[in-house]
Amino acid sequence: ARKIDMLTKLYDNYADENCAFNLYKRGLDTERIEKLRFPIARYITTILSNYILGEQPRYHYAADADGGTGDVLEQTQRLYRRQSKGRLDKEIKRQCGKTGFAYELVFYDAETLTPKSVQLPVEQTVVVFDYGIERNSLYAAHYIRKSKKLYAIYVYTDTLVIEYETRSLRNGADWREVGRTLHYMGRVPVTMYLNNGDGKGDYEDVAPLIDALNGIATDERFDIKRTVDALLVFVNTKLAGGTVEEKARVRDSMRQLGVLEINDDENYPNNKADVKTLSSPLNLQATELFIDRVWKAIFKLSGVPDPTQTEYFTALSGVALKMQMFLGLEPIAKDSEGELEYALKRRLKMYNYFYALRGKAEEIDVGDVYVEFKHTAPSNDLETAQIVSMLYGKPLVSNETLTKLFSFVDDAKAENQAAANEATSEASNALLAQLAGYGGSP
């Protein structure tokens, strides 16, 4: 129950749901002011998920890996592209950002005869681990609602998928087994992705600050609304001492013209006329100062760039721009990438095991594979070109590594090969042109 309550609160922060209301009396009617909700949680999660997985991760193998590792990786990455794994990876990271963890199921697709994977709802899924040092998964389970009164529960072991039907998720005695199938993945096919080592969401630590900011902004709006709708108190004016008809006439004039003109009461020359609202005065300056402090604290603690800061645009250097905007994201990204790499390698193991079992690929050691994440941050390609030109041809960095520095290059290896082919073609054309010119000269 505590887990569901926690997930519900985090979802509410993300989706801006369950808005509260401020109530107050205005004459004979009750007015409602809806609570203001800044979409800060969604902004934080979107920035982090796109920064880390804005582009699909690439898989590389160590120089001392077995000869077939490269072929297996190319085959798997082609399948990933056909299955739009980049989109799934980003959605998994977004779910991790919301709740701190996510689940993925790898299964055999009988239609395409290939392994596939989908994300499972965190509130309907559980993975049970052992008490060993490596915390290996023992089994997993998730449920779906088949009808208004019937649930389907799927339990996954390292070899089987066991399906149950039940009318009660809490009463195990009511579960009825309806089938068992092999899944051919070599391990429990449900993987738990952690957002970081603590399993916390991107905005979980600043959620109280987000709630406070929303509450303060709502109270400020509420106070302004009450002040605007407050009763006017006339002191020492002719209006205050006039007849009912005169008061009605002045009130109608105020509504039509939006202007109020008052005069001193001749009967009391020493008392000056005044108009006041029957409400407490606002301290807007103190409120704005406090809102600004809370706003800045949210973005400093979450590590994402503040969208209201304008000093970013004064930085001409790409390095300076990254230092200003994305310095706080780097340690968060590294922490998250470690957990993502572990889970993505586990998915790769299952894909490879499935194909190796059918003799369609060589079984590889996933320990020889590393995952490359390309951060989607602003870059100054002119500055990058200057750095590359300084290092090109020197025995310090390979050409492929230098090519990876450019933001507009997706595949450095293919780009280097294409550039080499063009250079060879241009050299051949130049040679033919020289020969043709020489042969045609007297």
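**Warm-up**

A residue is called buried when its relative accessible area is under 20%, exposed when that area is over 50%, and partly exposed in between. Keep those cut-offs handy, and remember that you're looking at a predicted model.

**Exercise 1: Get the overall picture**

Task: Find how many helices and strands the chain has, and what share of its residues count as buried.

Solution:
- Start with the secondary structure: there are 13 helices and 14 strands.
- Next, go to burial. The chain has 442 residues, and 33% of them count as buried.
- Then look at the surface. The accessible surface comes to about 26,800 Å², and carbon and sulfur atoms account for 54% of that.
- Finally, check how contacts are spread along the sequence. Take the contacts between residues at least 6 apart: 64% of these join residues at least 24 apart.

**Exercise 2: A salt bridge across the chain**

Task: Work out which residue forms a salt bridge with arginine 347, and decide whether arginine 347 is buried or exposed.

Solution:
- Look for the partner: arginine 347 pairs with glutamate 104, and their closest N and O atoms are 2.9 Å apart. A salt bridge needs a nitrogen and an oxygen within 4 Å, so this pair makes the cut.
- Now place both ends. Arginine 347 belongs to helix α10 (residues 329-357), glutamate 104 to strand β4 (residues 101-109), and the two are 243 residues apart, so the pair links distant parts of the chain.
- Apply the burial cut-off. Arginine 347 has a relative accessible area of 0%, so it is buried.
- Do that again for the partner: glutamate 104 is buried too, because its relative accessible area is 0%.
- Last step: see who else joins in. Asp89, Glu104 and Arg347 are linked in a network of salt bridges.

**Exercise 3: Two more salt bridges**

Task: Find how many salt bridges the structure holds, then describe the ones made by glutamate 177 and aspartate 205.

Solution:
- The count for the structure is twelve.
- Glutamate 177 bridges to arginine 180, with 2.7 Å between the closest N and O atoms. Glutamate 177 has a relative accessible area of 38%, so it is partly exposed.
- Aspartate 205 meets lysine 200 through their side chains, at 3.0 Å from N to O.
- Sort that second pair with the cut-offs. Aspartate 205 has 54%, so it is exposed. Lysine 200 has 33%, so it counts as partly exposed.

**Exercise 4: Two buried helix residues**

Task: For phenylalanine 299 and glutamine 77, work out which residues they touch beyond their neighbours in sequence.

Solution:
- Begin with phenylalanine 299, which sits in helix α8 (residues 284-302). Its relative accessible area is 5%, so it is buried.
- Leave aside neighbours within four places in sequence, and phenylalanine 299 is in contact with Ile40, Tyr43, Val304, Pro305, Asp306 and Pro307.
- Pick out isoleucine 40 from that list. Phenylalanine 299 and isoleucine 40 are 259 residues apart in sequence, yet their C-alpha atoms are 9.2 Å apart in space.
- Move on to glutamine 77 in helix α3. At 16% relative accessibility, glutamine 77 counts as buried.
- With neighbours within four places left aside again, glutamine 77 is in contact with Pro57, Arg58 and Tyr59.

**Exercise 5: Patches on the surface**

Task: Name the residues that form the negative surface patch and those that make the nonpolar one.

Solution:
- The negative patch consists of Asp64, Asp66, Asp71, Glu74, Glu362 and Asp365.
- Zoom in on one member: aspartate 66 is in the loop between β3 (58-61) and α3 (69-82). Its relative accessible area of 46% makes aspartate 66 partly exposed.
- The nonpolar patch, of about 280 Å², is made by Leu182, Tyr184 and Leu357.
- Here, look at tyrosine 184, in the loop between β10 (176-182) and β11 (190-194). Tyrosine 184 is partly exposed at 33%.

**Exercise 6: Unusual backbone angles**

Task: Find phi for serine 84 and for tyrosine 184.

Solution:
- First, the background: most residues other than glycine have a negative phi.
- Serine 84 isn't a glycine, but its phi is positive, about 55 degrees. Serine 84 is in the loop between α3 and α4 (85-99), and is partly exposed at 42%.
- Tyrosine 184 also has a positive phi, near 65 degrees. That's the residue you met in the nonpolar patch.

Definitions and conventions:
Residues numbered from 1 in each chain as written. Predicted model: local features only at pLDDT ≥ 70, side-chain atom pairs only at ≥ 80, totals over all residues. Heavy atoms only, no water. Patch = residues over 30% accessible without salt bridge, like charges linked within 9 Å, V, L, I, M, F, W, Y side chains within 5 Å. Areas by Shrake-Rupley, 256 points an atom, 1.4 Å probe, with all protein chains shown as cover. Lys, Arg positive; Asp, Glu negative; His and termini not counted. Charge placed at Lys NZ, Arg CZ, Asp CG, Glu CD. Helix = DSSP H or I, 4+ residues; strand = E, 2+ residues; numbered from the N terminus. Buried < 20%, exposed > 50% of the residue type's maximum accessible area, 1.4 Å probe, protein only. Contact = heavy atoms within 4.5 Å.
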